[in-house]
Amino acid sequence: MQVYRDVATLTARPSPEEEKQVEHFLYGFLEPQESCNAYKWGELAAEEIKRGWERQKIPIIVGGSGFYIQTLLKGISPVPQAETEVRKKVKEEYDRLGHSAFLEKIRRNDDRFSYTDPQRLLRAAEVLEQTGRSICYWQSKPYRKVLDADFLCLLTHLPREELYRRCNERFRRMMDLGAVDEVRELLRKDPPEDSLILKAIGVAEIRKYLLSEMTLEEVMDQASRMTRNYAKRQLTWFRHKYTPDIIVQDLQSVDILTKVLHFLS
């Protein structure tokens, strides 16, 4: 979400003050009608990392989306990207058939497809339309790495009670920093309904508030709950699919610095 130019506060992008302290890359460079996925991000990140190496810099990759980071660590299935016209055709068919009928059609083609969320469903249909093969076929292929590099992997780990407290405080602070105005400006650009940035936590809720369909208190409650649920899913993902070299519980630990310096040497 942070790759998009809009709703910087809601997506927790680094502040202008933070960006002055150290160079940041791949933040806020896409418009809402532009698409992004893990493979595209991985290729762009690999390019920036290589440019950093040329300048004798040590790149630090940060984020909460484990799947995107995993793209750099282990690579990704070589699933072809769909052309714009194919994406448009698939979306029109999805709108015409409805979710259930569309899902049934995809599963008739390949009963291995187990997902139900619209984003993955549309992606599967795009790949089928583009290549004539199921997305499960492409995902069964050996992973293709976008970068040959050694990584030292750190994972911040807070007690769940503290994490949830921060989730609640986080959205409250975003509202104080002008999240409503950000969404208002985003909607003035009239982004397409399948725009990824519209799925950022808080955007749909604030949109309903601007349409007088929700109160501000309801927005706060629902978006805070969604933030906690998202954090819970992240914890589960990282626990099962990520192997950190260091689990960080004390951010001031000298031991962390020692291990990092040893890795870099």
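Contact here means heavy atoms within 4.5 Å. The model is predicted, so local features need pLDDT of at least 70 and side-chain atom pairs count only at pLDDT 80 or more, while totals for chains, interfaces and linings use all residues. Residues are numbered from 1 along each chain as its sequence is written, and side-chain values use heavy atoms, with hydrogens and water left out.

**Exercise 1.** Work out what Ser-134 touches, leaving out residues up to four places away in sequence.

*Solution.* Start with the location: Ser-134 sits in the loop between α6 and α7 (135-139). (Helices are DSSP runs of H or I, at least four residues, and strands are runs of E, at least two, numbered from the N terminus.) Next, list the contacts, which are Asn-109, Asp-110 and Leu-128. Then check burial: Ser-134 counts as buried because its relative accessibility is 12%. (Buried is under 20% relative accessible area, exposed over 50%, partly exposed in between, with a 1.4 Å probe and protein chains only.) Finally, look at the side chain of Ser-134: one of its polar atoms lies 3.0 Å from the backbone nitrogen of Cys-136.

**Exercise 2.** Find which residues of α4 are buried and which are exposed on the other side.

*Solution.* First get the helix itself: α4 covers residues 84-97, has 14 residues and reaches 20 Å from first C-alpha to last, close to the 20 Å expected at 1.5 Å a residue. (The expected span is 1.5 Å times one less than the number of residues.) Now pick out the buried set: Val-86, Val-90, Glu-93 and Tyr-94. They cover an arc of only 105 degrees around the axis, so they are on the same side of α4. (The arc is taken from the directions from the helix axis to the C-beta atoms.) On the other side, Thr-84, Glu-85, Asp-95 and Arg-96 are exposed. As for partners, the buried residues pack against α5 (99-109) and α6 (118-131). Right after α4 comes Gly-98, with a positive phi near 90 degrees.

**Exercise 3.** Describe how α3 and α11 pack, then place Gln-70.

*Solution.* Take the geometry first: α3 and α11 (residues 216-241) pack at about 25 degrees, with axes 11 Å apart. That makes α3 roughly parallel to α11. (Angles under 35 degrees count as roughly parallel, over 145 as roughly antiparallel, 65 to 115 as roughly perpendicular and the rest as oblique; axes are lines fitted to C-alpha atoms, for helices over the stretch in contact, and angles run from 0 to 180 degrees between N-to-C directions.) At the meeting point, Gly-66, Phe-67 and Gln-70 of α3 face Trp-237, Phe-238 and Lys-241 of α11. Now zoom in: Gln-70 belongs to α3 (residues 66-74) and, at 11% relative accessibility, counts as buried. Apart from neighbours within four places in sequence, Gln-70 contacts Gly-75, Trp-237, Lys-241 and Tyr-242.

Conventions:
A polar contact is a pair of N or O atoms within 3.5 Å; within protein, one must be able to donate a hydrogen and the other to accept it, and residues adjacent in sequence count only if both atoms are side-chain atoms.
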